[in-house]
Amino acid sequence: MKVIVCKDYAEMSAKAADIVAAQVTLKPNCVLGLATGSTPEGMYACLVKKYEAGELDFSAVRSVNLDEYYPITPDNDQSYRYFMNYHLFDHVNIDKANTNVPDGQAKDGAAEGARYEALIASLGGIDLQILGIGQNGHIGFNEPGEKLYPYTHLTDLTPSTIKANSRFFASEDDVPKQALSMGMGSILNARKIVIMASGAAKHDAIVKMLSGVMTTQTPATFLACHADVTLICDEAAYNG
Ligand code: PGA
């Protein structure tokens, strides 16, 4: 894994945005795998700035997001569809018909997982996947446990993730208890992966990820199998 340590969140965000911009420039109709959460917000802001400066054209870009709460409606301001519109899609010339987020209103989670996998395949796979990392080492909502799943699936959130994400909701009880998430295979099949981490709270997860030992208890450790992964983190995440 290539590691880029930045001095702070702003530098991390700018570096990650540079990689996304290079991807879009090299392949204007690329498939971007996108992530939500606090970590990539600054990267999206940098991409919007580049677009506004006339440096980027998203008109042919396709996107697939990693995950979505379940159940949730797209107009809920905590849904990941809402997040993506708010932070990126509403501010650049991407065709929203080419943007995809798992359907938090699907009647059948398993069927939605199968539909989403077929969709990724029909797009020709993911060129560049952006990831955050949970304090518990999750990627997407592939949570630590005895088992990991290869493809997009409905999953229970762990108490640690519910607690971490409760900061965005009125109370911990309001956090959805389940999510639809790409699986480990959906992620590892991406041609290139960038994983971002900011802040000391992510330090333990980063240390485990870089340890070279793979365990389902730290799903991010499986990135060690992939030939083209770049960790972009700040000093606080790297040094603790
Ligand atoms: P965060 O979440 O960016 O909000 O810290 C990352 C994650 O849980 O993957």
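User: In this predicted model, which residues are around the ligand?

Analyst: They are Gly37, Ser38, Thr39, Gly132, Ile133, Gly134, His138, Arg167 and Lys202. To count, a residue needs a heavy atom within 4 Å of the ligand.

User: What makes the shell around the ligand six parts polar, and how do the other residues divide?

Analyst: One residue is nonpolar and two are charged. Gly counts as polar here, and Ile as nonpolar. Arg and Lys count as charged.

User: How do you know that Thr39 makes a polar contact with the ligand?

Analyst: The cut-off for a pair of N or O atoms is 3.5 Å. A polar side-chain atom of Thr39 lies 2.4 Å from a ligand oxygen, so the pair qualifies.

User: What about Ser38 and Lys202?

Analyst: Ser38 uses a backbone N or O atom, 2.9 Å from an oxygen of the ligand. Lys202 uses an N or O atom of its side chain, at 2.6 Å from a ligand oxygen. Both values are within 3.5 Å, so both are polar contacts.

User: How much of the ligand's accessible area does the protein cover?

Analyst: The protein covers 84% of the 280 Å² that the ligand has on its own. The space that the ligand takes is the largest pocket.

User: Why are strand 1 and strand 5 called edge strands?

Analyst: The open sheet has seven strands in the order 1-10-9-6-2-3-5, with parallel pairing. Strand 1 (2–6) and strand 5 (99–100) each pair on one side only, so they are the edges.

User: How do you know that strand 9 and strand 10 pair?

Analyst: Pairing needs at least two bridges. Five bridges join strand 9 (residues 192–197) to strand 10 (residues 229–234), so they pair. The two run parallel. Ile193 stands opposite Val229 in strand 10.

Note on methods: Residues numbered from 1 in each chain as written. Predicted model: local features only at pLDDT ≥ 70, side-chain atom pairs only at ≥ 80, totals over all residues. Heavy atoms only, no water. Polar contact = N/O pair within 3.5 Å; in protein donor to acceptor, adjacent residues only side chain to side chain. Areas by Shrake-Rupley, 256 points an atom, 1.4 Å probe, with all protein chains shown as cover. 1 Å grid on protein atoms, 1.4 Å probe; cavity = no way out; pocket = protein on both sides within 12 Å on 5 of 7 lines; lining within 4 Å. Sits in = over half its atoms within 2 Å of the grid points. Helix = DSSP H or I, 4+ residues; strand = E, 2+ residues; numbered from the N terminus.
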